[in-house]
Amino acid sequence: QVQLVESGGGLVQAGGSLRLSCAVSGRTFNSQFVGWFCQAPGKEREFVAGIRWGGATTYLTDSVKGRFTISTDNAKNTVYLQMNSLKPDDTAVYYCAAMSRIAPSSQIRSMSLWDTWGQGTQVTVSS
């Protein structure tokens with residue numbers, strides 16, 4: 001099994017930056033994709049960013065393109081989400097996720113395909 005532990009959340013003013021980290025342990029070779037989802041109060045969890053484990057192509061939801069970057073450090077088994085130009089609308093709990101099944105990149109925004117989740121880290125952006 002794969003275990004995911006997030007860190008790096010916190011309170012930041014609008015326009016500021018945060019970097020989330022996700023330590024990946026366990027059977028990492030089983031992971032096809034790693035990524036980040038967010039869930040704001042009263043809303044459903046939604047896809048933010050994804051990357052194929054060991055790959056370079058990244059996938060971002062439209063609302064964060066140009067502001068967020070997802071990357072991996074394979075030597076450290078860590079996934080990062082660099083968040084710049086943060087907005088109050090970015091306030092949410094951010095979850096790291098891993099997908100073990102083989103799926104086309106066109107489907108990775110579907111939450112049902114992701115089978116391992118971290119505990120989440122709160123990001124609050126004040127105006």
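In the predicted model, Cys38 has a relative accessibility of 10% and therefore counts as buried, the limit for that class being under 20%. The cysteine sulfur closest to that of Cys38 belongs to Cys96 and lies 13 Å away, which is too far for a bond. A pair of cysteine sulfur atoms has to lie within 2.5 Å to be assigned as a disulfide, so Cys38 is left without a partner in the model.

One disulfide is found in a search of the whole structure. This bond joins Cys22 to Cys96, with an S to S distance of 2.1 Å. Cys22 belongs to strand S3 (residues 18-26) and Cys96 to strand S9 (residues 92-99), so the bond ties together parts of the chain that are 74 residues apart in sequence. The torsion about the S-S bond is about -85 degrees, and the disulfide is therefore left-handed. Both ends of the bridge are enclosed by protein: Cys22 is buried, with a relative accessible area of 0%, and Cys96 is likewise buried at 0% relative accessibility.

Cys96 also takes part in the surroundings of Gly118. This glycine is located in the loop between strand S10 (116-117) and strand S11 (121-126). When residues up to four places away in sequence are set aside, Gly118 touches Leu4, Glu6, Tyr95 and Cys96. With a relative accessibility of 12%, Gly118 counts as buried although it is a loop residue. The C-alpha atom of Gly118 is separated by 8.9 Å from that of Ala98, a residue 20 positions away along the chain.

The secondary structure of the protein consists of eleven strands and zero helices. Read along the sequence, the pattern is accordingly β-β-β-β-β-β-β-β-β-β-β. Among contacts between residues at least 6 apart in sequence, 59% join residues at least 24 apart. The disulfide between Cys22 and Cys96 is one link across such a separation, as its ends are 74 residues apart in sequence.

With regard to overall dimensions, the C-alpha trace spans about 40 × 25 × 25 Å along its principal axes. The radius of gyration is 14 Å, which agrees with the value near 14 Å that a compact globule of 127 residues would have. Buried residues account for 44% of the 127 residues. The accessible surface comes to about 6,500 Å², and carbon and sulfur atoms contribute 47% of this area. The protein carries 11 positive and 8 negative charges, and the mean positions of the two sets are 5 Å apart.

Strand S2 (10-13) contains Val12, a residue that is buried with a relative accessible area of 12%. Beyond its neighbours up to four places away in sequence, Val12 touches Ser17, Leu18, Leu86, Thr124, Val125 and Ser126. The C-alpha atoms of Val12 and Gln107 are separated by 32 Å, the two residues being 95 positions apart along the chain.

The loop that connects S2 to S3 holds Gly15. In contrast to the buried Val12, Gly15 is exposed, with a relative accessible area of 54%. Leaving aside neighbours within four places in sequence, Gly15 is in contact with Ser85 and Leu86; Leu86 is also among the residues touched by Val12. From Gly15 to Gly50, 35 residues apart in sequence, the C-alpha to C-alpha distance is 23 Å.

Two loop residues merit attention for their backbone conformation. Most residues other than glycine have a negative phi. Ser85, a contact of Gly15, nevertheless has a positive phi of about 50 degrees. The position of Ser85 is in the loop between S8 and S9, and at 41% relative accessibility this serine counts as partly exposed. Asn77 likewise is not a glycine and has a positive phi of about 50 degrees. Asn77 is placed in the loop between strand S7 (68-73) and strand S8 (78-83), where its relative accessibility of 26% makes it partly exposed.

Conventions. Residues numbered from 1 in each chain as written. Predicted model: local features only at pLDDT ≥ 70, side-chain atom pairs only at ≥ 80, totals over all residues. Heavy atoms only, no water. Helix = DSSP H or I, 4+ residues; strand = E, 2+ residues; numbered from the N terminus. Rg over C-alpha atoms; globule rule 2.2 N^0.38 Å. Buried < 20%, exposed > 50% of the residue type's maximum accessible area, 1.4 Å probe, protein only. Contact = heavy atoms within 4.5 Å. Areas by Shrake-Rupley, 256 points an atom, 1.4 Å probe, with all protein chains shown as cover. Lys, Arg positive; Asp, Glu negative; His and termini not counted. Charge placed at Lys NZ, Arg CZ, Asp CG, Glu CD.
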